[in-house]
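User: I am new to this structure and would like a close look at a single part of it. Please take one strand and describe its surroundings.

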Amino acid sequence: MRQHHSALIAEDVFYSSHPASAPEWRRRAAADYVAQATIPEPIVTERLAALIYTVTGHEDLRLPRMLLGLFWVVGGLFLYGTLKQWSSASAAAVAFAVYSFLPYSFRASIGLLPDGLAVPLMCAALYGLARLGPVLTTQGILVAALPAAAAIMVRPMTVFFLLPPALMLLGHARRDGFPMRALALYGLVAILPFVAYFTWRLGADPTYVARLSTTFAPSLLVDVSFYRGWARYVWMAFGPVIFTSAVAGAVVAPAGPLRLVLRAMWPGYVIYGVFFNLHISTHPYYQTIAVPLIACSAGACAAWLSGLSARLGAWLAPILAAGLVAAASVQGTFAAPSVANRIADYQAIGVAVDHSSQVIFLSEDWGTPLRYHGGLAGRYWPTRFEIQMYRPLGSSGLTDSDAQSRWQALSSAVGGARYFVVTDLDELSRQPDLQQLLTTRFNLRAGTKRYLVYEVRQ
């Protein structure tokens, strides 16, 4: 969902400047999505993708994804340099191996997401802190704070991972008192750009804060599903061995800057998870910005093991890298089947509804793949889970659980809906009131075992 979200935004940016590059219905589909979407951060990666489309003269998602993959590699080099400054060569090598060869990294590094750019910037920010040394200068603090400011602009929640270690390190940088001036300078440079953006968005869009309010649900803090969901995605992203090693690394890290950083970043990660509790327990990609933390913590664990045995330390990095590459290869053999058939379905659906903007759809991933590949506009019909989860938070469109009433509201929003598209057939089976509505008020226009296209009876 999130990748197609960014792809649609990039499309809209590109088509707004180059309308001759696509038919009207495709431009309308992208613009319609952007008008409805909640976009909390500045659209940096999407503008970068649109710039690449402008240079090449056409849209091709592979190009920005390759560039983001290259940025990820550069981030690994920054992380290696950081751990070498703060710990040892063996710790740096292990951190680099985890960051680069973690199976999750192979997918995250080429995803068209803000996280794919934010993570390398986080690594650069950590490297800037590592280069400060014990004597603080204004120029050094500014240079260290700039990549942190960029990371926070691209992905604001990186603030939970970057400011705590900065405060911890700067607070211990001098023996002659607490360096308040250094802390204030770093903090202002790091957060002021996003504060300025946030203030501007508040003025330009009065609904901005209300749309962001669905990130936190207090009731989830006493709901076991929150902790189970968070744990499931932690296991999916990092695996039990790497994650357990990372937690152990934060505990046994040898005395020095790395220990200070980890003991500041881990509470930041917990606060991040609590603050964004709805998303971190339901959206796998919310683990992406934790990759540098996991890598650094694994490096700290390696540093501790190296202290026990120099011979063991020398073999840690190559053994770990080989194991992670093998894990990535094994994961590849169990990857999801090709999406080519689904893309063909979405394209066929777009043709079946004449790329109309008068469409209601019940589709996977909030309908973003259908919008992108099918080139259609309209409104999304929520799942039962989304109704139960988001309605208490006051989300618009989820205030009435009756299918007839929801149909009338959504149809009115598109100027009178003509079509109802279903690609999530399992979810349709969980909504008997919707099935009844489709049976009584629609004709089946097109359908296969994977999707159904209904047209309103005249």
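Analyst: What follows looks at strand β5 and its neighbours, then at the nonpolar cores.

The model is predicted, with pLDDT of at least 70 required for local features and 80 or more for side-chain atom pairs, while totals for chains, interfaces and linings use all residues. Residues are numbered from 1 along each chain as its sequence is written, and side-chain values use heavy atoms, leaving out hydrogens and water.

Helices (H or I, at least four residues) and strands (E, at least two) are DSSP runs, numbered from the N terminus. Strand β5 covers residues 452–456, and four of its five residues are buried, that is, under 20% relative accessible area with a 1.4 Å probe, protein chains only.

Two strands pair if DSSP finds at least two bridges between them. Strand β3 (residues 419–422) pairs with β5 in the antiparallel sense over four bridges. Strand β4 (residues 442–447) also runs antiparallel to β5, joined to it by five bridges. β4 and β5 form a hairpin, with four residues between them. V453 in β5 is the bridge partner of V421 and also of A446.

A nonpolar core is a set of buried Ala, Val, Leu, Ile, Met, Phe, Trp, Tyr and Cys residues joined through side-chain atoms within 4.5 Å. The largest has 105 residues, and F161, Y186, Y269 and Y272 have the most contacts inside it. Helix α7 (residues 114–130) gives the most to this core, with ten residues. Apart from this core lies another, of 18 residues, among them W381, A403, F420 and L452.

Technical notes. Buried means under 20% relative accessible area, exposed over 50%, partly exposed in between (1.4 Å probe, protein chains only).
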